[in-house]
Amino acid sequence: LPMASLNDIKEKQQFLVDKVKTKRYLRLKMHNLDMSILETVFSRGDRALSAALEYAWKKGARFDAWSEGFNREIWDEAFSASSINREDYLSEKRPEEALPWGHIIVN
């Protein structure tokens with residue numbers, strides 16, 4: 001399945017916030033959406049992403065799982081310089097489509 005659109009995710013997050021705002025004993029923490037996109041791209045990624053990964057590293061991307069270390073601009077530039085369209089990794093996959101990990105054989 002495709003990753004939900006940013007607007008859908010924002011609507012769902014707002015729904016949750018609205019539902020719990022009167023509950024003082026609950027506190028919601030939302031994951032950074034730009035980081036979620038990056039995580040989705042790499043979880044579905046293939047060898048083509050290595051160029052973007054190296055580019056981002058050379059531009060200073062470090063500890064990007066930590067929100068204070070994440071810099072979206074570096075990743076935007078890395079994908080652009082590597083001619084990688086993130087939407088290709090975020091979209092729905094057809095059942096017959098080869099997956100990057102499909103060559104792995106588990107005994």
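Partly exposed describes a residue whose relative accessible area falls between the two limits of buried, under 20%, and exposed, over 50%. The legends below use these terms for a predicted model.

**View 1. Arg 86 and Asp 76 form a salt bridge between helices α5 and α4.** The side chains of Asp 76 and Arg 86 meet with an N to O distance of 2.7 Å. Asp 76 belongs to helix α4, whereas Arg 86 belongs to helix α5 (residues 86-90), so this pair ties together parts that are 10 residues apart in sequence. Arg 86 has a relative accessibility of 22% and therefore counts as partly exposed, because the buried class is restricted to values under 20%. Asp 76 is likewise assigned to the partly exposed class, at 26% relative accessibility.

**View 2. Asp 76 also forms a salt bridge with Arg 72.** Here the N to O distance is 3.1 Å. Both residues of this pair lie in helix α4, where 4 residues, about one turn of the helix, separate Asp 76 from Arg 72. Arg 72 has a relative accessible area of 34%, so this residue is partly exposed. Through shared partners, salt bridges join Asp 34, Arg 72, Asp 76 and Arg 86 into one network.

**View 3. Arg 94 and Glu 96 form a salt bridge between exposed residues.** The closest N and O atoms of Arg 94 and Glu 96 are 3.1 Å apart. Both Arg 94 and Glu 96 are classed as exposed. The count for the model comes to 8 salt bridges.

**View 4. Helices α3 and α4 cross with a right-handed sense.** Two packed helices are described by the distance between their axes and by the angle that these axes make. For helix α3 (residues 49-58) and helix α4 (residues 72-81), the axes come within 8 Å and the crossing angle is roughly 135 degrees. That angle makes α3 oblique to α4, because the roughly antiparallel class requires an angle over 145 degrees and the roughly perpendicular class covers 65 to 115 degrees.

**View 5. A nonpolar patch at the surface includes Leu 16.** The patch has an area of about 420 Å² and is made by Phe 15, Leu 16, Val 17, Leu 28 and Met 30. Leu 16 is located in helix α1 (residues 6-20). With a relative accessible area of 42%, Leu 16 is partly exposed; this value satisfies the patch criterion, because a member residue must have over 30% relative accessible area.

**View 6. Ser 83 adopts a positive phi in the loop between α4 and α5.** The phi of Ser 83 is about 55 degrees, although this residue is not a glycine. Ser 83 is situated in the loop that lies between α4 and α5. Its relative accessible area is 70%, so Ser 83 is exposed.

**View 7. Thr 22 occupies the loop between α1 and α2.** Helix α2, which follows this loop, spans residues 33-43. Thr 22 counts as exposed, because its relative accessibility is 60% and the exposed class takes values over 50%. The C-alpha atom of Thr 22 is separated by 44 Å from that of Leu 99, a residue 77 positions away along the chain.

Notes:
Residues are numbered from 1 along each chain as its sequence is written. This is a predicted model: local features need pLDDT of at least 70, side-chain atom pairs count only at pLDDT 80 or more; totals for chains, interfaces and linings use all residues. Side-chain values use heavy atoms; hydrogens and water are left out. Patches are made of residues with over 30% relative accessible area and no salt bridge: like charges are joined within 9 Å, nonpolar side chains (Val, Leu, Ile, Met, Phe, Trp, Tyr) within 5 Å. Accessible areas come from the Shrake-Rupley method with a 1.4 Å probe; for residues, only the protein chains shown count as cover. A salt bridge is a side-chain nitrogen of Lys or Arg within 4 Å of a carboxyl oxygen of Asp or Glu. Helices (H or I, at least four residues) and strands (E, at least two) are DSSP runs, numbered from the N terminus. Buried means under 20% relative accessible area, exposed over 50%, partly exposed in between (1.4 Å probe, protein chains only). Axes are lines fitted to C-alpha atoms, for helices over the stretch in contact, and angles run from 0 to 180 degrees between N-to-C directions. Angles under 35 degrees count as roughly parallel, over 145 as roughly antiparallel, 65 to 115 as roughly perpendicular and the rest as oblique. A crossing is left-handed if the near helix is turned anticlockwise from the far one by less than a right angle, and right-handed if clockwise.
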